[in-house]
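Q: Please take a close look at a single part of this protein, and then place that part within the whole.

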Amino acid sequence: PAFSSTLNSIGADDDGVFLCAGCKLPLFRSQQKFESGSGWPSFWAPVGDAVTERTDFKMILPRTEIRCSNCDGHLGHVFDDGPAPTGQRF
């Protein structure tokens, strides 16, 4: 459930890398994390090309799903309501 992840306690001032649970590929740096109010760890950019995007129609309206570029594990969705410099929320 939202707000229950232990990853929420890691902040942008902490030094670390968030890894894919499936294959341990580095996905996000803690310096790219921000508090979105969504209850889920949120980032304004991934590490390099660590994620791939695909269109997801499961909620009727299209959303952009993100997946690990190495193992294809589902990571969530990306939205255009994040902070600068990207304006995105992963």
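A: In this predicted model, strand β5, covering residues 51–56, pairs with strand β6, covering residues 63–68. The two strands run in the antiparallel sense, and six bridges join them. Within this pairing, Thr52 is the residue that stands opposite Arg67 of β6. The connection between the strands is a hairpin, in which six residues lie between β5 and β6. One residue of that turn, Ile60, has a positive phi of about 75 degrees.

The hairpin belongs to a protein with seven strands and zero helices. Read along the sequence, the pattern is accordingly β-β-β-β-β-β-β. The radius of gyration is 13 Å, close to the 12 Å that the globule rule gives for 90 residues, so the protein is as compact as a globular protein of that length. Its C-alpha trace spans about 35 × 30 × 30 Å along the principal axes.

As for contacts within the chain, of those between residues at least 6 apart in sequence, 33% join residues at least 24 apart. Buried residues, meaning those under 20% relative accessible area, account for 29% of the 90 residues.

Turning to the surface, the accessible area of the protein comes to about 5600 Å², and carbon and sulfur atoms contribute 56% of it. The protein carries 8 positive and 11 negative charges, and the mean positions of these two sets are 7 Å apart.

Definitions and conventions. Residues are numbered from 1 along each chain as its sequence is written. This is a predicted model: local features need pLDDT of at least 70, side-chain atom pairs count only at pLDDT 80 or more; totals for chains, interfaces and linings use all residues. Side-chain values use heavy atoms; hydrogens and water are left out. Helices (H or I, at least four residues) and strands (E, at least two) are DSSP runs, numbered from the N terminus. The radius of gyration is taken over C-alpha atoms; the globule rule is 2.2 Å times the number of residues to the power 0.38. Buried means under 20% relative accessible area, exposed over 50%, partly exposed in between (1.4 Å probe, protein chains only). Contact means heavy atoms within 4.5 Å. Accessible areas come from the Shrake-Rupley method with a 1.4 Å probe; for residues, only the protein chains shown count as cover. Lys and Arg count as positive and Asp and Glu as negative; His and the chain ends are not counted. The place of a charge is taken as NZ of Lys, CZ of Arg, CG of Asp or CD of Glu. Two strands pair if DSSP finds at least two bridges between them.
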